[in-house]
Amino acid sequence: MAPFKQTTIPARYTSGQTFGRPTSYKPEYCDMVIEAMKMEGISLTAFAGMIGVSKDTVYRWIREHADFSDAVARARPARVLWLERKLLRSRKGAETSAAMFALKNAEPDEWRDVRSVDHQHNVKVEQLTDAQLYAIAATKARGNGTVIEGEAVRLDESDPG
């Protein structure tokens, strides 16, 4: 026998009847999230902490409540605006670095460090002699002290194996 009373859930809901834990979502959170992110530059996680819920709860509300999802979609750019203004006003190195770090995380498409490497060469490996290939390998291996001994084998391109 179970140590607790067994209950059953009705097979059908009647109008207005709900089961489970009531949601802690409130429609006023829409205005609150916009205001907090716009005026204070806080993250969505910080907003969750501000209202006393978990980050997962806030993300669930985004999925379940269209009005809250819209509010968050408008609050995120407002937060980026706040962070950019903070960066423009900053005078100290640490403050500038913190603002840039926050912007890189808040809007990575616009604030990422872009590195582009263009490798262009006009020599095909197939055109090099064995001696040239060994010279290249020896030069590269000197950096870490390892040389792979072996014999170069050219495979026939028509041979699948």
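**Arg-79**

I started with Arg-79, which sits in helix H4, residues 66-89. I kept in mind that this is a predicted model. What is the nearest side chain of opposite charge to Arg-79? I found Glu-107, and it is 8.6 Å away. Arg-79 is buried yet has no salt bridge.

I then looked up where the side chain of Arg-79 goes instead. It reaches the backbone oxygen of Gly-41 at 3.0 Å. The side chain of Arg-79 also reaches the backbone oxygen of Ile-42, at 3.2 Å. Skipping neighbours within four places in sequence, I listed the contacts of Arg-79 as Met-37, Gly-41, Ile-42, Ser-43 and Ala-106.

Gly-41 was worth a second look. This glycine follows H1, and its phi is positive, near 70°.

**H1 against H4**

Next I checked how H1 lies relative to H4. The axes of H1 (residues 29-39) and H4 come within 7 Å, crossing at roughly 10°. I noted the pair as roughly parallel, because angles under 35 degrees count that way.

Which residues of H1 meet H4? I wrote down Tyr-29, Cys-30, Val-33, Ile-34, Met-37, Lys-38 and Met-39. On the H4 side the partners include Phe-68, Ala-71, Val-72, Ala-75, Arg-79 and Trp-82. Charged names turn up in H4 too, among them Asp-67, Arg-74 and Arg-76.

I pulled the buried residues of H1 as well: Tyr-29, Cys-30, Val-33, Ile-34, Ala-36 and Met-37. These buried residues pack against H2 (44-51), H3 and H4. Met-37 ties two of my notes together, since it is buried in H1 and also touches Arg-79.

**Tyr-59**

I moved on to Tyr-59, in helix H3, residues 55-64. Is Tyr-59 buried, partly exposed or exposed? I have it as partly exposed, because its relative accessibility is 34%. Leaving out neighbours within four places in sequence, Tyr-59 contacts Leu-44 and Arg-76. I also checked Ser-69, which is 10 residues from Tyr-59 along the chain; their C-alpha atoms are separated by 8.8 Å.

**Salt bridges**

How many salt bridges does the structure hold? The count is 4, and I went through some of them.

In H3, the side chains of Glu-64 and Arg-60 meet in a salt bridge at 3.8 Å, N to O. Glu-64 and Arg-60 are about one helical turn from each other, because they are 4 residues apart in H3. I noted Arg-60 as partly exposed, with a relative accessible area of 29%.

In H4, Arg-74 forms a salt bridge with Asp-70, and the closest N and O atoms are 3.1 Å apart. Arg-74 and Asp-70 are likewise 4 residues apart in their helix, so about one helical turn separates them. Why does that spacing suit a pair? An α-helix has 3.6 residues a turn, so residues three or four places apart point the same way. I have Arg-74 as partly exposed at 48% and Asp-70 as partly exposed at 41%.

I also looked up Arg-112 and Asp-109, whose side chains meet in a salt bridge at 4.0 Å, N to O. Asp-109 counts as exposed, at 60% relative accessibility.

**Whole chain**

Last, I stepped back to the protein chain. It has 7 helices and 0 strands, and along the sequence I read α-α-α-α-α-α-α. Of its 161 residues, 20% count as buried. Of the contacts with a separation of 6 or more, 44% come from residues 24 or more positions apart.

Technical notes. Residues are numbered from 1 along each chain as its sequence is written. This is a predicted model: local features need pLDDT of at least 70, side-chain atom pairs count only at pLDDT 80 or more; totals for chains, interfaces and linings use all residues. Side-chain values use heavy atoms; hydrogens and water are left out. Buried means under 20% relative accessible area, exposed over 50%, partly exposed in between (1.4 Å probe, protein chains only). Contact means heavy atoms within 4.5 Å. Lys and Arg count as positive and Asp and Glu as negative; His and the chain ends are not counted. A polar contact is a pair of N or O atoms within 3.5 Å; within protein, one must be able to donate a hydrogen and the other to accept it, and residues adjacent in sequence count only if both atoms are side-chain atoms. Axes are lines fitted to C-alpha atoms, for helices over the stretch in contact, and angles run from 0 to 180 degrees between N-to-C directions. Angles under 35 degrees count as roughly parallel, over 145 as roughly antiparallel, 65 to 115 as roughly perpendicular and the rest as oblique.
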